[in-house]
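Trainee: Please take one helix and go through it closely. Then set it against the sheet that helps to cover it.

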Amino acid sequence: MRLLTIESSCDETSAAVVQDGVEILSNVIASQEAVHSLYGGVVPELASRKHLEVVSSVIEEALSRASLTLDSIEGVAVTQGPGLAGALLVGISVAKALAYARNLPLVGVNHIEGHLFAVFLEKPVPFPFLALVVSGGHTHLYRVDGFGKYKTLGQTRDDAAGEAFDKVAKILGLPYPGGALIDKLASDGDPGRIRFPRPLLHDGSCNFSFSGLKTAVMQYVRKNPESAEGTALHDLCASFQAAVCDVLASKTKAALQDSGIARLVVAGGVACNSGLRAAMGELARETGVKLFIPSPLLCTDNAAMLAVPADFYLQNGMVSGLELDAKTVWSLDSLAERKQV
C-alpha cells in the first residue's frame with residue numbers, strides 16, 4: 001500500500017510517501033526552529049499558523065520527491081495525537097480533505113506509536129520488545145507485544161527528559177532548542193565534575209522525574225555563576241547529561257530484568273543524544289539485550305514513522321471516519337480499543 005502520511009503535532013510540519021509501510025519514497029520535514037527561538041520555546045498559536053502556511057507545499061514536495069501524484073496514493077495517515085490541539089487540527093483537516101476528495105481510506109495514528117515503530121523503517125524488530133520513548137514531551141517505558149498492544153511500564157511524573165534539556169539550556173543562556181547544544185558542549189566536559197541528583201533512582205518503580213534535577217542545576221548556577229562560562233560550562237553540561245542518562249539507563253535496565261525481554265527500542269527526539277546512545281549501548285553490552293535505535297532523522301518528529309502502524313491498521317480494515325478529531329492526550333494503552341471493521 002502506498003501511503004501519504006502527515007505529521008503536525010508540535011513544531012515540525014512533515015509529509016512522507018511510504019510504500020508497504022517500510023519503504024520511504026520521500027520524507028519532507030519543515031522545521032519551525034527560527035519561529036520559536038525568539039521565545040525560548042514553542043508558542044502553540046504561532047506553531048498552528050506556521051503549519052497552515054507550509055502544509056500544502058510540504059505535501060507537494062513529498063509527492064514530487066517520490067516522483068508521484070495524488071493519483072498514485074492508496075491511503076492517508078495523519079497524527080491524531082497527542083500534541084498541541086491547533087497544530088494537530090491543521091494536519092487532520094488536510095488529511096480528511098484529501099481522503100474525502102480522493103475517496104481514500106484514512107487512519108489517525110498515535111504520535112508515540114509512530115516513534116515506537118520508526119526503527120522498522122530500517123530494520124524490523126521481533127515482538128515482544130521493550131521501548132523507551134524519550135522526547136520533549138514524553139518519557140515513557142512500554143512493553144510492546146504487537147501493533148496496538150502496548151502496556152505502560154513507567155513514565156515521567158513531571159518534566160520529560162527533552163523538556164529538562166531545553167529548560168536547563170535556557171537557564172544556561174543557550175539558544176533554543178538547547179538540547180542538541182548541551183550534548184555538543186558535554187562532549188568536551190567531565191561528567192563527574194558535578195554530582196547532580198538522580199531523581200527516583202532507587203524508588204523501585206520504572207517512573208521518572210526530571211523537574212528536581214532541573215532545579216538542582218538552576219540552584220548550582222546561582223551559587224556558582226562562573227560554572228555557566230568557558231570550560232566550566234562544558235563540565236556542567238556533561239554532568240547534567242550524565243545524570244539524565246544514568247536515570248534513563250537504570251530504569252530501563254530494571255524494566256528489562258522484570259520483563260525478561262531481551263530486545264530494546266529507544267526512540268524519540270532525545271534518542272539522538274550521544275550520551276544516551278552511549279549509555280544504552282553500554283546497557284546492551286552489560287545485559288546482552290539487543291538494542292535498536294533509529295537513525296537521527298527518524299528519531300525526530302517526521303511523517304514517515306506513521307506509515308508503519310498505519311499500513312498495518314489499513315491493511316486490517318481499521319480505518320478512521322471523517323469525524324476524526326485531535327486528541328491532545330492519548331494513552332498508548334487505550335489503542336487496544338481500536339477495532340477491525
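Mentor: In α11, the buried residues (under 20% relative accessible area, 1.4 Å probe, protein chains only) are Ala307, Val308, Pro309, Ala310, Asp311, Tyr313 and Leu314. That is 7 of the 9 residues in this helix, which spans residues 307-315. Helices (H or I, at least four residues) and strands (E, at least two) are DSSP runs, numbered from the N terminus. This is a predicted model: local features need pLDDT of at least 70, side-chain atom pairs count only at pLDDT 80 or more, and totals for chains, interfaces and linings use all residues. Residues are numbered from 1 along each chain as its sequence is written, and side-chain values use heavy atoms, with hydrogens and water left out.

What covers the buried residues of α11? The cover includes β1 (2-7), β2 (12-19), β4 (75-81), β5 (106-110), α4 (111-117) and β8 (149-155). After α11 comes Gly317, with a positive phi near 75°.

Now the sheet. It is open, with 5 strands in the order β3-β2-β1-β4-β5 and mixed pairing (at least two DSSP bridges between two strands). β3 (23-31) and β5 are the edge strands, each with a single partner, so one side of each has no neighbour in the sheet. From one strand to the next, the twist averages 20°. β2 and β3 are antiparallel, over 8 bridges. There, Ala16 is opposite Asn27 in β3.

Helix α2 (44-65) packs on the sheet and touches β1, β2 and β3 (contact: heavy atoms within 4.5 Å). Helix α3 (85-102) also packs on the sheet, touching β1, β4 and β5.

Key
Buried means under 20% relative accessible area, exposed over 50%, partly exposed in between (1.4 Å probe, protein chains only). Axes are lines fitted to C-alpha atoms, for helices over the stretch in contact, and angles run from 0 to 180 degrees between N-to-C directions.
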